[in-house]
Amino acid sequence: MRRIAIVLTRGALLVERDRYELGEPVVLRARLSDAQHKPLSDPSVTAQLLRPDGTTEPVKLTAVADKPGMYVGQATVLQEGTYQL
């Protein structure tokens, strides 16, 4: 399985692969830290998904219970093109 990691200032975003079919769900995994670089402890966070046509959608990422700082969420591919989170 190939993974893509997008490095953030205080974390990293992982997806299982770099291409998806229309209508297919994309599982988003994030490792996030606070300003002191300790694992984030919020129960959930919201990211903004930017679609190829410029529209946005909020994506809720929920904390993984047994993994401090790890979050998981899901979005669906609705258009062809490049998405940003």
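Which element of the protein has the lowest mean pLDDT, and which the highest? In this predicted model, where local features need pLDDT of at least 70 and side-chain atom pairs count only at 80 or more, totals for chains, interfaces and linings use all residues. Residues are numbered from 1 along each chain as its sequence is written, and side-chain values use heavy atoms, with hydrogens and water left out.

Strand E1 (residues 4-8) sits at the bottom with a mean of 46, and E6 at the top with 96; pLDDT is the predictor's confidence in each residue, from 0 to 100. Strands (E, at least two residues) are DSSP runs, numbered from the N terminus. The protein as a whole averages 86, and 89% of the residues score at least 70. Over residues 1-7, pLDDT stays under 50, and the model has 19 contacts beyond four places in sequence there, a contact being heavy atoms within 4.5 Å. Where pLDDT is low, predicted coordinates should not be read in detail.

On to the core. The largest nonpolar core (buried Ala, Val, Leu, Ile, Met, Phe, Trp, Tyr and Cys residues joined through side-chain atoms within 4.5 Å) has 16 residues, and Leu28, Leu61 and Tyr71 have the most contacts inside it. At least two core residues come from each of E2 (11-15), E3 (25-32), E4 (44-50), E5 (56-63) and E6 (70-76), with E3 giving the largest share, four. Beyond four places in sequence, Leu61 touches Leu28, Ala30, Ser44, Val45, Ala47, Tyr71, Val72 and Gly73.

Then there is Arg51, in the loop between E4 and E5. Arg51 counts as buried because its relative accessible area is 13%, buried meaning under 20% with a 1.4 Å probe, protein chains only. Leaving aside neighbours within four places in sequence, Arg51 contacts Thr56, Glu57, Leu78, Gln79, Thr82 and Tyr83.

How values were computed: Buried means under 20% relative accessible area, exposed over 50%, partly exposed in between (1.4 Å probe, protein chains only).
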